[in-house]
Each structure stands twice: as structure tokens, then as C-alpha cells.
Amino acid sequence: MSRFIPDDIIDEIAARADIVDVIQSYVPGLQHAGQRWKACCPFHQEKTPSFIVNPASNTFHCFGCGKGGNVFKFIMMIENLPFPDAAQMLARKYNVIIPEPEHRHYTKEEKEAGVAAYNLRERVFLLHEKLAAWYRSNLVNGNAAKAAEYFKTRRLDPVFAEKFMIGAAPDLWDGMIQWATREGFTIDEMKEGRLVSESKKTPGKFFDFFRNRLIFPIWNEQGRVVGFSARQIDPEQGGGKYVNSSESIIFKKSRILYGLNFARPEIAKKGFAIICEGQMDVIAMHSAGCGNAVAAQGTAFGNDQAMILHRYTENITLALDSDSAGVNAILKDAAILLPLGFNLKVARFPGGKDPDELLKNSGAEAVQKAVGEAVDFFEFLFMKETEGQDLALPAVKTKVAENLLKFIMLFENAVARDSYLQWLAGKLGLSTEAMLSEVRRLSAKEAHQNRFRREAREPQEAPAAPLPENVPESVSNPLLQKALTVLLEVILADSRSADLVKGELPEEMLDSGPYAVAVETVIQACMNDEWKDAPAMIAQRLIPCEFDYAGVTAVLSAEPQGEKKSSSYYLKTARDCLKRIKILYFGKQLKQIRAEFVSMPPGPARKELLRKSVELTRSLNALNHPRTQEKPKTVKRYLLPDEQPPSEEIVMEEASETEIEIG
């Protein structure tokens, strides 16, 4: 997508956006580590923090999974947004005004391809925000009488009804469409938000997706309305009990936890999160003083949602329904959470089948007591498996052991696994050796029976996306990228090496790739006596960048090495890197000359190519064999099929690709 935000606005956003502040809103565990910040990576599962944030350069990098970038890149990755949307999100946060696209001049192609798309996502966000308020006003002002009557039966605390903006859709086919049209929104914007349905009988005719239902707005992690869940109020009404927004450009069900925007502070304060089954249970929990409750939205709890919770806590209490469906959901959630290292408890509701019912029947204290008395997941599972069974019978012990061991085996942590094995052995009156023997048997059985199913279930690694056309050499050539990366590390750590490179690396040898741009930025900083500011300048120049530059952020995020290595080491390494860069540059030029030479007829232009090839070959020989250059040796000439022997020897040797030692 073309970028329609002026460069000066991008620069202002970058200047105002505090990368530590931004990342902390997503990664609460971010902690000081010297001049940098460190946490467990939000992009992959890890137990030892390897995610580094460097406020000096305004960059982040994970030394575990290799992801890195600037503050824009972080928002793009964590929110799954294109660059313009990430920039807009940061602009809103830091009160930077982005001018409307109409105020700028575009080509016809730009207008047709990009201008409409530029604001579409924001328009859909605005539509949802205003629509949530409209639904709320319908319920409060009596514009949806049936929904209001039903809502009274729910006996919900008005304070929390207001907090969660519970509203109502009127019993009209196009009530929302009429309202949205008056507010200036188009049918296309309503369609993008999945708020309307098209008539099958009359194409082009639309009606409201939500009608005659109680409405629950759905917020994303950052507190923006992204969709709605609608509760049936008339048993004879068609459709399911709950109807949820379909996925859209702003709503991805697998990445939403209902109530997380409200629960985040309480999760940090209490040290654990509560997972409920639906919206009413979450609201009941918050009403009862358990503000750390969330729920999966419109789909079963999944790995993405578990990873989101892992940014806030490692302790989970499952507060699902006490019926058979709820118990099955507990087991499914445990199978996702245990391998990720979560500590699980299960809350039970003796005065009702769920938190909402318990709150109505017994009050807030009963809900708080149920949460406070939550039992360890394995205690819960043991009670479930042994209920009504005679543990004295060997067959019962065998079945109970097998069912619990399947979950104990999910632990990656050996200490946790062994602790629960000893606990289960004690519960069943068996030896730990017998438990270990059964674990080995089940492991072999699982590997044999589920190998093909597991391979089919696990996501296959996607093939690497093809590089776009006209890719810079520093991006497509791993040897050149490595040399530039090491050179960058050296010239950022040692000013003398930076001065050396400034004088010996011609500008034409650096292309537009991010690694070359980073090195060029340090060189320019040296020329302007701004060497110490080079890291921040690099991050600024790489906004935005269509190519991956995680290697650059790895250098910017690493601990300073200036006091650990000598200046002579840096100078030698810088020279080695310069040598490699020049060899690759001259080799590429020589290859291009030979490609042109094949189709070029005899004449001055052909002789000029021969002259250039001689110069390049000599330069390569000087780099590859510096000690042999004092005494020229006779070399074999290479003639093309249609070429006559020249009057003097012409050197046409292939460029050597011999590896050099870097560092």
C-alpha cells in the first residue's frame, strides 16, 4: 500500500512515541536492565527473557526469535497492521494530527488504489465506537422496549451495565442503517464492519445484522470497540442464543479476550487472571469484585489468546460452567495452557452453574469465595475421575492414572512434571517408578498413534515470501548482509573504526537496503561529528522499511562492547569487513560487464568494457592476494568465441569468492 502520511508527520510521531511506554502497554513484565529494558518476548513462548528494548535507539529486538524493529514495527507486528494504520494508532496515542488525504495531491492511480483504503479502517473503528453509544442509548432511553424489559430480568448492577456499555438493537430491519446513514457512514463502511446483511432475494438491498437483541460491545486489548455480541431476548426469535460479529478488518476472534481492556490492571494487581465462559459471566465477576476476569470471544479458547494472557500472568483460574460442557471446556483449555507453563486452578460454583447464576442466587461474597477456594487443576481432575469410583479396584487406579498422566505429560518443566508424578503416586498408593513406567508407555503409544494426526494439525512452516523486484544486493546476498552487519557493530562500538570506514568505503558501494543504510548513517554521523547519536539516527532512517532488518536491531539492542575488546580488534575487523564488501562489489560489477560483453559488437564500447574488466580484475587480485601484487605475474587470458587476440595481454580472471574471516 502507498504511504499517504507526510514524512514530517511520521518524523513527529517517531519523536513523540516512547517505545518503552508503547511496549509496556502490551508487555507489563518489561523491566529495567541497565540502560535497556528486558522481558519475555510477546511474539514467542519463552521462560528466560531475551526481548530487549533500547530507548536510546528507539528499537526492540528478541534474541530468541530474531524479531526486531522500531516502534512502528512493533505496533505492526503486535496488532497485525500495515504501516499506515500503525502510524495512525501511534498518532492518536501521542496526539499527532494527520492531515486528511484530500489535502494532498495524488496521481489518479494513487487515488483509485489507496486513498479510500487509507481511512477505511479508521472509519470502521469510528462507526463501531459511535454505534456502541447508540445501542446503549436505545436501552437507556427506552427505544428498544422488548430489550429493556428483558434486561430488567437480568438484575445487573447499573454501574457495570454502564461500564460495559450494554445496549439494545431495535426491532427494525434497518434501524441501524438509517442511524448510520444520518451520521455520514456509507453502506460500504457498514459492510466492512460486517454490520449489515444483503438480501438474497433483492441484491443491493441491505438490512441490519443485529435486530431485537441485547448488545454487548467487544473491545480489543487497547480498548477500541471492534465488534458486538448480541443476546437473544425472544425465545421465538430466529438465530442462535448469541450472535457475534463476523471477522472484519478490525475484528479477529482468535485474538480477542472479552473484558481484557478492563481486566489488565486487576490481573497485574492480583497476580492471576480468571477465564470465564461468556460476557455475562465476565460482567458478573467484575460486579462481584473480581475485576481480573476475561472470556474467549465467539470461539473456543485458543493458543493466541493464551499467548496474550501470558504477557500479563502465569497464573490462571478457570471459572467455567459446572455442567458437562463446562467441564469439557476446562479440559480443553488446560491442554492449551499447561504446555505454555501456566499454573492452573479451577473455581467451582456450588450455588449455581456459573458465576452469573451464583451472583444472582448468593451474592458477591459467594462469587469471591468460589474464586478464593479454587483448587489446583489436578486436584479438580482427580476428584472428577474418582467421583463414584472405588479406588481400591486396580482397574479404577489404572484408568485414573492414565487420564491424569495425559495432562501431567503436557508439562515442559521437568520439576513440575516430577512433582505431580510423586503427588499422583501418593494419591493412588503407587510407587513413583510405576508412574514413570506408565509415562514411558503412554509416550510411546501417543507417538505411534498420533504422529500423522499431529503433523496434519500443526501449522506447516509457510514458505518464505518471494522478494520483491529490484531487491538491493545487501538484502538478497547473505555474504554482503553479514559483512555489513558486523561492520555496523564495529563502527557503532569504536569511533576510530568509524573514522576508518568513513574514508575507505565509497558511497556507491552502499545500496538502499536497511543494512547498507545503517552503515551509511553512521558514516554521515561521523562526518557531522554526531557519532554518538548514530543509533537513534539509524532507527529514524528505517521508518518505514519494506525489508526485514532484525539484524540491525540486534546490533542496536546488544550490550555495549566498547570496554570488552581492544581498538586494534575493531580496526582489524573493520578492515576485514571492508575487504569483503569490496570483493563482492567488484565481483558483481565484473559479472555484469561480462554479461554485456557477450552481445556487444566490436568497437570503442567493447574496448571500454575490456578496460574496465582489467581494472576490476586487478582490484580483485589486490584484495584477494595483497602480498603477490608487488611482482606482476603472467596470467592466462580468456577470449570469447568471436574475439581476436588483442595486441596486449588482457586479464579476465574470475573474481575470487574466497571467504574472509570476520571477527
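Strand 16 (residues 343–346) and strand 17 (residues 375–376) pair in the antiparallel sense over two bridges, where pairing requires that DSSP finds at least two bridges between two strands. Helices (H or I, at least four residues) and strands (E, at least two) are DSSP runs numbered from the N terminus. The model is predicted, so that local features need pLDDT of at least 70 and side-chain atom pairs count only at pLDDT 80 or more, while totals for chains, interfaces and linings use all residues. Residues are numbered from 1 along each chain as its sequence is written, and side-chain values use heavy atoms, with hydrogens and water left out.

Within the pairing of strands 16 and 17, the bridge partner of Lys-345 is Asp-376 in strand 17. Strand 16 is also joined to strand 15 (residues 315–318), by four bridges and in parallel orientation. Here Thr-317 stands opposite Lys-345. The connection from strand 15 to strand 16 passes through helix 13 (residues 324–337), and this β-α-β crossover is right-handed; that is, with the strands pointing away from the viewer, the path from the first strand over the helix to the second runs clockwise. The two faces of strand 16 differ in cover: Leu-344 and Val-346 form the covered face, and Asn-343 and Lys-345 the uncovered one.

Antiparallel pairing also links strands 9 (213–219) and 10 (residues 225–232), through seven bridges. These two strands form a hairpin with five residues between them, and Gly-223 in the turn has a positive phi of about 85°. Trp-219 has Val-225 of strand 10 as its bridge partner. Strand 10 is further joined to strand 11 (residues 242–244) by three bridges, again antiparallel, with Asn-244 of strand 11 as the bridge partner of Ser-229. Eight of the eight residues of strand 10 are buried, so the strand is largely enclosed by the rest of the structure. Buried denotes under 20% relative accessible area, exposed over 50%, and partly exposed the range in between (1.4 Å probe, protein chains only).

The loop between strand 8 (206–208) and strand 9 contains Asn-212. This residue is buried, at a relative accessible area of 7%. Leaving aside residues up to four places away in sequence, Asn-212 touches Lys-146, Ala-169, Pro-170, Asp-171, Ile-233, Asp-234 and Gln-237, a contact being heavy atoms within 4.5 Å.

Side chains of opposite charge can pair when their charged atoms come close. With a salt bridge defined as a side-chain nitrogen of Lys or Arg within 4 Å of a carboxyl oxygen of Asp or Glu, the count comes to 21 salt bridges. In one of these, the closest N and O atoms of Arg-123 and Glu-189 are 2.9 Å apart. Arg-123 lies in helix 5 (residues 108–140) and Glu-189 in helix 9 (residues 187–192), so the pair ties together parts that are 66 residues apart in sequence. Arg-123 is partly exposed at 25% relative accessibility, whereas Glu-189 is buried at 10%.

Lys-588 and Glu-473 form a salt bridge with a closest N and O separation of 3.4 Å. The pair links helix 26 (residues 567–598) to helix 20 (residues 473–476), distant parts of the chain 115 residues apart. Both residues are partly exposed, Lys-588 at 36% and Glu-473 at 24%. A salt bridge between Lys-502 and Asp-499 (3.5 Å, N to O) falls within helix 22 (residues 495–504), where the two are three residues apart and thus separated by about one helical turn. Finally, Arg-92, Glu-122 and Arg-224 are linked in a network of salt bridges.
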